[in-house]
Amino acid sequence: MNRTKVLIAFQLLVALALSGCVGNSSSPSPPAGLGQVRPAKNVILFIGDGMGVSTVTAARIYDGQQRGETGEENLLSFERFPDIALVKTYNTNQQVPDSAGTASAMMTGVKTRAGMIGVGPTAHRGDCSEAQDNILPNVAEQLAAGGKAIGIVSTARLTHATPAAVYGHVPERDWEADSNIPAEERAHGCRDLATQLMEFSFDVALGGGRSNFFGEEAGGNRLNATSDLQDDWAANTGGHYVTNASAMHTVPQDGRPLLGLFSSSHMTYMLDRQADSSEPTLSEMTATAIDRLSQDSDGYFLMVEGGRIDHGHHEGRAAYALEEAVEFSRAVQVALDMVDLSDTLILVTADHSHVFTIAGYPTRGNPILGLAIGNDERGEPTGEPILATDGHPYTTLGYQNGPGATPGQARGEPSADLNGTQQALVPTGSAFDNTHRLSETHGGEDVALYATGPGSEEARGVIEQNRVFDIIMRALGFQH
């Protein structure tokens with residue numbers, strides 16, 4: 001049996017299991033004393049891109065201090081979930097991972113190389129021929145075959161690594177538009193991620209990245225100047241295409257798919273948005289997605305990504321990352337307010353962490369974005385910044401590497417500007433050859449997985465990242 005026939009047979013088995021034609025004897029046993037647990041009807045997977053444990057802690061404090069509290073006692077919406085696990089994030093070829101490999105692990109149940117999306121680790125990055133022979137079926141494909149509605153929401157480009165892992169298969173994450181693929185690799189049959197999204201059977205897809213769907217005549221990046229992928233998609237599906245929040249809120253509930261592309265590239269940071277911004281927030285997109293997906297009687301799978309948490313960290317701008325994390329928490333609360341936890345599993349996690357630290361012995365309630373103010377020998381606040389051995393104060397938040405480093409010169413006074421960068425130790429670049437602009441790197445420590453709803457008891461202990469896929473499938477009544 002060839003690979004295509006094997007995939008079709010597997011998807012049919014999934015469809016039978018999800019429709020109830022196959023028994024659930026292989027599903028996880030219910031915890032002792034809880035009786036028979038029904039499979040979930042819906043699963044929402046929230047991914048805070050780059051939202052490591054230190055980011056959650058700092059965002060918790062930041063959120064509380066925005067309301068006039070000291071902050072440390074605060075909890076974000078998902079921190080109240082009853083079940084939690086630690087997740088190991090390494091890629092098959094990297095100790096510290098990237099988003100393509102980590103998102104692929106969660107979406108396919110198989111760990112793979114950094115930089116590759118929905119392609120097994122036997123293939124090499126950027127090799128189209130090898131990728132074609134190592135396609136990994138992902139959770140959305142399998143659940144769609146079983147009748148589930150599929151939703152994708154992100155504040156990043158919809159062709160960026162994490163959202164692309166829901167639907168895509170490429171050996172190079174940067175192949176977002178056809179112009180990004182080398183001619184020799186296109187000749188082997190690899191297609192760009194924008195094309196793959198338009199060919200995927202989604203019900204809701206909301207985010208950024210409009211330029212990858214259009215040619216030059218419409219300000220896009222595609223090889224053909226007149227390309228208009230969304231127009232072709234609308235003609236083929238009858239779907240609705242929107243470009244602003246107002247249009248998104250007024251699309252009729254007619255069972256047709258919804259595509260929203262609200263910015264040319266990534267969506268605008270929360271801290272940079274004007275009061276009259278036409279872009280919806282992550283919370284608004286989440287509400288719209290759940291409202292539409294819940295109309296499907298067979299249930300749904302929704303992935304929601306807070307993509308710009310990661311970008312704020314890469315730029316060394318903690319305020320930006322934390323504001324995005326707080327909005328991410330609001331989006332989770334929106335979901336909690338809209339769904340029934342008796343039939344909906346909600347998972348909240350991160351794809352990886354960052355080299356982001358909280359340090360320096362600041363006093364209780366010290367502004368999380370400010371200078372570290374210490375206590376005196378009696379344990380009372382001094383009201384004065386703590387000085388390092390170089391005679392300069394420092395902020396509570398900092399980075400092990402990134403744009404805030406000052407190579408070849410003494411450390412100066414740290415910036416208190418929200419638009420400024422936190423101080424860092426090592427000046428790192430955003431490319432392997434270090435030719436790109438300075439960029440902070442990911443961290444390799446475990447991230448947390450928070451869970452509530454049917455199947456949440458699977459989030460226990462220390463687990464491999466690809467187990468997130470298994471938790472989703474088991475919760476839906478299918479033993480992978």
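Which residue forms a salt bridge with arginine 474, and how far apart are the closest N and O atoms? Select arginine 474 together with glutamate 458 in this predicted model, and the salt bridge between the two appears, with the closest N and O atoms 3.4 Å apart. The pair brings together distant parts of the chain, since arginine 474 belongs to helix 14 (residues 467–475) while glutamate 458 lies in the loop between strand 16 and strand 17, 16 residues apart. Both arginine 474 and glutamate 458 are buried. Add Arg467 and Asp470 to the selection, and you have a network of salt bridges that links them with Glu458 and Arg474.

Stay in the loop between strand 16 (447–452) and strand 17 (462–464) and select arginine 460, which is 377 residues away from its partner, aspartate 83 in strand 2 (residues 83–88). The salt bridge between arginine 460 and aspartate 83 has its closest N and O atoms 2.8 Å apart. Aspartate 83 counts as buried because its relative accessibility is 7%, below the 20% cut-off.

Next, select arginine 222 and aspartate 192, a salt bridge in which the closest N and O atoms are 2.9 Å apart. Here the link runs between two loops, with arginine 222 between strand 4 and helix 9, and aspartate 192 between helix 7 (183–186) and helix 8 (193–199), 30 residues apart. Arginine 222 and aspartate 192 are both buried. Over the structure, the count of salt bridges comes to 23.

Now turn to the rings, for which a search of the whole structure finds eight aromatic pairs. Select phenylalanine 46 and phenylalanine 328, an edge-to-face pair at 5.9 Å centre to centre with 85° between the planes. This pair, too, connects distant parts of the chain, from phenylalanine 46 in strand 1 (residues 42–48) to phenylalanine 328 in helix 13 (residues 318–338), 282 residues apart. Phenylalanine 46 counts as buried because its relative accessibility is 0%, and phenylalanine 328 is likewise buried, with a relative accessible area of 0%.

For a second pair, select phenylalanine 214 and tyrosine 241, whose rings are tilted, at 6.4 Å centre to centre and 50° between the planes. Phenylalanine 214 is in the loop between strand 4 (204–208) and helix 9 (229–237), and tyrosine 241 is in strand 5 (residues 240–242), 27 residues apart. Phenylalanine 214, at 9% relative accessibility, counts as buried, whereas tyrosine 241, at 23%, counts as partly exposed.

Return to Phe46 and Phe328 and add Phe78 and Tyr450, since ring pairs link these four residues into a cluster. Around phenylalanine 78, show its contacts beyond four places in sequence, which are Met51, Val56, Phe328, Ser329, Val332, Val348 and Tyr450. Phe78 is also one of the residues, with Ile44, Phe46, Phe301 and Val348, that touch the most other members of the largest nonpolar core, which has 110 residues. Helix 13 gives the most to this core, with ten residues.

Two charged side chains over rings make a further stop. The charged end of lysine 111 sits over the ring of tyrosine 90, 3.5 Å from its centre, and arginine 308 lies over the face of tyrosine 269, at 3.8 Å from the ring centre.

Finally, colour the model by pLDDT, which has a mean of 92 for the protein, with 90% of residues reaching 70 or more. Select residues 1–36, over which pLDDT stays under 50, although the model has 40 contacts beyond four places in sequence for them. Where pLDDT is low, the predicted coordinates should not be read in detail.

Notes. Residues are numbered from 1 along each chain as its sequence is written. This is a predicted model: local features need pLDDT of at least 70, side-chain atom pairs count only at pLDDT 80 or more; totals for chains, interfaces and linings use all residues. Side-chain values use heavy atoms; hydrogens and water are left out. Rings of Phe, Tyr and Trp (its six-membered ring) pair if their centres lie within 6.5 Å; planes under 30 degrees apart count as stacked, over 60 as edge-to-face and the rest as tilted. Helices (H or I, at least four residues) and strands (E, at least two) are DSSP runs, numbered from the N terminus. Buried means under 20% relative accessible area, exposed over 50%, partly exposed in between (1.4 Å probe, protein chains only). A charge sits over a ring if NZ of Lys or CZ of Arg is within 6 Å of the ring centre and within 35 degrees of the ring normal. A nonpolar core is a set of buried Ala, Val, Leu, Ile, Met, Phe, Trp, Tyr and Cys residues joined through side-chain atoms within 4.5 Å. Contact means heavy atoms within 4.5 Å. pLDDT is the predictor's confidence in each residue, from 0 to 100. A salt bridge is a side-chain nitrogen of Lys or Arg within 4 Å of a carboxyl oxygen of Asp or Glu.
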